[in-house]
Every structure is written in C-alpha cells, then in structure tokens.
Amino acid sequence: MPRPTAAQLAYGSCTVIFSTLAMLLLSQTSSSLGIVLITLSALALGLLVAMTVPLPKPAPSAPAPLVRERVPVQFETASVSASSAPEPVREPAGP
C-alpha cells in the first residue's frame, strides 16, 4: 500500500476535525456513547475522504530517442582511365 500524500493527510484531518465539531454541535449530545459514536463516524468519514483524493500522476518523461541500426556503408572504388574520362566540349567554328 502506498504512503499517503500530504494532500490526503490534510483533507482527511480537516474532515475529521470539522465533521466531529459539526456533529457534536448539531446533536448536542452529552453522553459518552454518543460522543464515541460521533468520533468513530468522523474518523471513518475522514478515512473515506483521504482515500478518495486523487493521487498525483507521475510526470511524463521525455520520449526515448529512436535508436537506429547502424548499417555499414560500402564504398566502391572505380578506377578512372583515360578512355572513360569525358571528352571536352568543342564549340563549332563560327562563319
């Protein structure tokens, strides 16, 4: 079970305190059995509120870089001979 966050503790504690005070003031009970029942119901309500507080979502991480497969490059060496060299362009003689 994960640890409760600060928000869960705060919401749960505030719920227990305020609901206990509200129920004691509204019921105007003075018997010990009534106080125990109100206290237990406030604790249950506080636990319910604390567990329903949404948990923070983890921060999105940067996407993993794409890994490309290294492909070896093959260089072909061609021998240049005089016969395969391009011939110079000759302009026609003018009139």
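Here is a walk through this predicted model, starting with the whole chain and then taking its helices in turn.

Let's begin with the big picture. The protein chain has 95 residues, and 13% of them count as buried. Its secondary structure comes to 2 helices and 0 strands. The accessible surface of the chain is about 9,200 Å², with 67% of that belonging to carbon and sulfur atoms.

Now for α1, which runs over residues 6-27. This helix has 22 residues and reaches 31 Å from its first C-alpha to its last, close to the 32 Å expected at 1.5 Å a residue. Its buried residues are Q8, G12, T15, V16, S19 and T20. Look down the axis of α1 and these buried residues fall within an arc of 120°, so they line one face of the helix. The spacing is familiar helix geometry: an α-helix has 3.6 residues a turn, so residues three or four places apart point the same way. Turn to the face of α1 that points away from the buried side, and you'll find the exposed residues A6, F18 and L25.

What do the buried residues of α1 pack against? Their partner is α2. T15 makes a good example, sitting in helix α1. With a relative accessibility of 18%, T15 falls under the 20% cut-off and so counts as buried. Leaving aside residues up to four places away in sequence, T15 touches T20, L45, G46 and V49. Of these, G46 is one of the buried residues of α2.

A10 is another residue of helix α1. At 39% relative accessibility, A10 counts as partly exposed. A10 and A50 are 40 residues apart in sequence, yet their C-alpha atoms are 8.1 Å apart in space. A50 is itself among the buried residues of α2.

While we're on α1, it's worth a look at a patch on the surface. I17, F18 and L21 form a nonpolar patch there, with about 330 Å² of accessible area together. F18 we have already met on the face of α1 turned away from its buried side. L21 is found in α1 as well, and with a relative accessible area of 48% it is partly exposed.

Leaving α1, we come straight to a backbone oddity. Just after the helix, Q28 takes a positive phi of about 50°, although it is not a glycine. Why does that stand out? Because most residues other than glycine have a negative phi. Q28 lies in the loop between α1 and α2, and at 68% relative accessibility it counts as exposed.

On the far side of that loop comes α2, residues 32-52. This helix has 21 residues and reaches 30 Å from its first C-alpha to its last, close to the 30 Å expected at 1.5 Å a residue. Which residues of α2 are buried? They are G34, I38, A42, G46 and A50. These residues cover an arc of only 135° around the axis, which puts them on the same side of α2. What covers them includes α1. On the other side of α2, L33, L37, L40, L47, L48 and T52 are exposed.

Putting the two helices together, the buried residues of α1 pack against α2, while α1 is part of what covers the buried residues of α2. Each helix also carries exposed residues away from its buried side, among them F18 on α1 and L40 on α2.

Note on methods:
Residues are numbered from 1 along each chain as its sequence is written. This is a predicted model: local features need pLDDT of at least 70, side-chain atom pairs count only at pLDDT 80 or more; totals for chains, interfaces and linings use all residues. Side-chain values use heavy atoms; hydrogens and water are left out. Patches are made of residues with over 30% relative accessible area and no salt bridge: like charges are joined within 9 Å, nonpolar side chains (Val, Leu, Ile, Met, Phe, Trp, Tyr) within 5 Å. Accessible areas come from the Shrake-Rupley method with a 1.4 Å probe; for residues, only the protein chains shown count as cover. A salt bridge is a side-chain nitrogen of Lys or Arg within 4 Å of a carboxyl oxygen of Asp or Glu. Helices (H or I, at least four residues) and strands (E, at least two) are DSSP runs, numbered from the N terminus. Buried means under 20% relative accessible area, exposed over 50%, partly exposed in between (1.4 Å probe, protein chains only). The expected span of a helix is 1.5 Å times one less than its number of residues. The arc is that of the directions from the helix axis to the C-beta atoms. Contact means heavy atoms within 4.5 Å.
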